[in-house]
Amino acid sequence: LCQRIRNKNPYMNTLFDTEFEFKDPGKLIDDDLELIVVKTHPADKEKERFPMYDFEMRHSETKKKMGWLNLRLGDNERMYYGGHVAYEVDEEYRGHKYSGRAVKLILPLAKAHGRETIHILCDIKNIAS
C-alpha cells in the first residue's frame with residue numbers, strides 16, 4: 001500500500017527538496033480552547049522529517065496549558081502509519097473533546113499547505129482516542 005501511495009502522490013518527499021514557508025495560522029479559538037504555535041521545525045532530509053508545527057492547547061480565558069498537538073506536513077511511509085497529527089490532552093482536561101476540536105482548528109492550516117487529507121493514528125484500545 002505504501003508503495004502505491006508513493007507512486008501516486010506527487011507530494012511525496014517534495015518538502016525535503018523545496019524551500020518550505022511556515023504560515024501564520026491566525027487566531028485558532030473554539031470557545032474555551034485556543035491553539036498557540038509554540039515552535040516550528042524545518043524539514044530534515046537526513047532524518048526524513050517533514051516540516052512540523054507544535055501547538056499548545058490552552059484555555060482561552062485563563063491561558064492555562066491543557067495539552068499539545070503537532071501537525072507534520074508531508075507524505076512518506078512513516079506519515080502513513082504514524083499520522084500527520086499527534087496530540088495529548090492533560091488528564092484533568094479530558095472529556096471536553098479538546099483533541100477533536102483542536103484538529104478541526106488546524107484543518108485550514110493544513111489545507112493552506114496543500115493537504116487534501118490528513119492521517120491521524122489512534123489506538124483502538126484507547127476509547128477516548
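The following exchange treats the fold of one predicted protein model.

Residues are numbered from 1 along each chain as its sequence is written, and side-chain values use heavy atoms, leaving out hydrogens and water. Because the model is predicted, local features need pLDDT of at least 70 and side-chain atom pairs count only at pLDDT 80 or more, while totals for chains, interfaces and linings use all residues.

Colleague: Which pattern does the protein chain follow along the sequence?

Modeller: Helices (H or I, at least four residues) and strands (E, at least two) are DSSP runs, numbered from the N terminus. The chain comes to four helices and five strands. Read along the sequence, the pattern is α-α-β-β-β-β-α-β-α.

Colleague: In what order do the five strands stand in the open sheet?

Modeller: Two strands pair if DSSP finds at least two bridges between them. The pairing in this sheet is antiparallel. The edge strands, each pairing on one side only, are β1 (28–30) and β5 (85–89). The order is β1-β2-β3-β4-β5.

Colleague: What is the bridge partner of Ile29 in β2?

Modeller: β1 and β2 run antiparallel and are joined by three bridges. They form a hairpin with two residues between them, and Asp31 in the turn has a positive phi of about 55°. The partner of Ile29 in β2 is Glu34.

Colleague: How many bridges join β3 to β4?

Modeller: Strand β3 covers residues 52–59 and strand β4 covers residues 65–72; the two run antiparallel. One of the pairs sets Tyr53 opposite its bridge partner Leu71 in β4. The number of bridges joining β3 to β4 is seven.

Colleague: Which element gives the most to the largest nonpolar core?

Modeller: A nonpolar core is a set of buried Ala, Val, Leu, Ile, Met, Phe, Trp, Tyr and Cys residues joined through side-chain atoms within 4.5 Å; buried means under 20% relative accessible area, exposed over 50%, and partly exposed in between (1.4 Å probe, protein chains only). The largest core has 21 residues, and those with the most contacts inside it are Leu35, Phe55, Met57, Leu69 and Leu71. β2 (33–41), β3, β4, β5 and α4 (98–112) each supply at least two residues of this core. The most, seven residues, comes from α4.

Colleague: Which residues does Leu35 touch, not counting those up to four places away in sequence?

Modeller: Contact means heavy atoms within 4.5 Å. Leu35 is among the residues with the most contacts inside the largest core. The residues that Leu35 touches are Leu28, Phe55, Glu56, Met57, Ala102, Leu105 and Ile106.
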